[in-house]
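Open the model in your viewer and keep the sequence beside it. The tour goes from one selection to the next.

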Amino acid sequence: MAGSPPRLDETDERLLALLRVDARRPIAQLAKDLDISRGLLYSRLARLEDEGVVAGYTVRLGPAFSGSRVRAHMMIKTLPRCHREVEQALVEIPMVQAVFAISGEYDVIALLEAEDTAHLNDLIDEIGLLEGVERTTTSVILATKLER
């Protein structure tokens with residue numbers, strides 16, 4: 001049975017917002033921005049990590065790189081009883097950046113990223129040929145208006 005979700009106070013929420021903008025911001029600066037001691041900040045971070053609120057720290061690619069890439073959302077309908085196999089096959093494809101289980105007509109949304117439209121087309125074909133894929137619908141992302 002799953003435990004209750006972690007309780008976050010206003011300081012936790014502000015800390016998470018600051019980390020989303022810049023996870024490399026120095027501890028001293030974070031503590032100053034939050035008006036708390038560094039010791040308290042360290043203990044909050046440890047608690048958030050222990051509770052699974054913060055799962056890790058990562059790199060966000062800048063527009064100089066990501067602007068040169070072609071991204072798309074692919075909605076995938078799987079054949080009955082093939083859902084897990086399709087998800088696992090998607091995980092094995094490096095150009096698949098994320099996989100989401102969804103409700104509705106389709107079963108999965110995959111976020112795809114390729115270096116150009118030719119590679120994206122090949123990727124779409126590759127996914128469409130996976131065992132257990134019934135049909136797909138792909139939308140190329142023209143512009144990112146907000147990404148946190």
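Begin with the aromatic rings: a search of the whole structure finds 0 aromatic pairs. Keep in mind throughout that this is a predicted model.

One ring still deserves a stop. Select Tyr 106 and Arg 135: the charged end of Arg 135 sits over the ring of Tyr 106, 5.3 Å from the ring's centre.

**H1 and H2**

Next, select residues 10–21, which form helix H1, and residues 27–34, which form helix H2. How do their axes cross? The axes come within 10 Å, and the crossing angle is roughly 135°. Angles of 65 to 115 degrees count as roughly perpendicular and those over 145 as roughly antiparallel, so H1 and H2 are oblique to each other. The crossing of H1 and H2 is right-handed.

Show side chains to see the contact. H1 brings Thr 11, Arg 14, Leu 15, Leu 18 and Leu 19, while H2 brings Leu 30, Asp 33 and Leu 34. By class, the contact of H1 with H2 holds 5 nonpolar, 1 polar and 2 charged residues.

**H2 and H3**

Keep H2 and add helix H3, residues 38–50. The axes of H2 and H3 come within 9 Å and cross at roughly 100°, which makes H2 roughly perpendicular to H3.

Which residues of H2 and H3 meet here? From H2 select Ile 27, Ala 28, Leu 30, Ala 31 and Leu 34; from H3 select Arg 38, Leu 41, Tyr 42 and Leu 45. The contact of H2 with H3 divides into 8 nonpolar, no polar and 1 charged.

**H1 and H3**

Last, hide H2 and show H1 with H3. Their axes come within 11 Å and cross at roughly 85°, so H1 and H3 are roughly perpendicular to each other.

On the H1 side, select Thr 11, Asp 12, Leu 15, Leu 16 and Leu 19; these meet Leu 41, Arg 44, Leu 45, Arg 47 and Leu 48 of H3. How many residues of each class does the contact of H1 with H3 have? There are 6 nonpolar, 1 polar and 3 charged residues.

Conventions: Residues are numbered from 1 along each chain as its sequence is written. This is a predicted model: local features need pLDDT of at least 70, side-chain atom pairs count only at pLDDT 80 or more; totals for chains, interfaces and linings use all residues. Side-chain values use heavy atoms; hydrogens and water are left out. Rings of Phe, Tyr and Trp (its six-membered ring) pair if their centres lie within 6.5 Å; planes under 30 degrees apart count as stacked, over 60 as edge-to-face and the rest as tilted. A charge sits over a ring if NZ of Lys or CZ of Arg is within 6 Å of the ring centre and within 35 degrees of the ring normal. Axes are lines fitted to C-alpha atoms, for helices over the stretch in contact, and angles run from 0 to 180 degrees between N-to-C directions. Helices (H or I, at least four residues) and strands (E, at least two) are DSSP runs, numbered from the N terminus. Angles under 35 degrees count as roughly parallel, over 145 as roughly antiparallel, 65 to 115 as roughly perpendicular and the rest as oblique. A crossing is left-handed if the near helix is turned anticlockwise from the far one by less than a right angle, and right-handed if clockwise. Contact means heavy atoms within 4.5 Å. Ala, Val, Leu, Ile, Met, Phe, Trp, Tyr, Cys and Pro count as nonpolar, Asp, Glu, Lys and Arg as charged, and the others, Gly among them, as polar.
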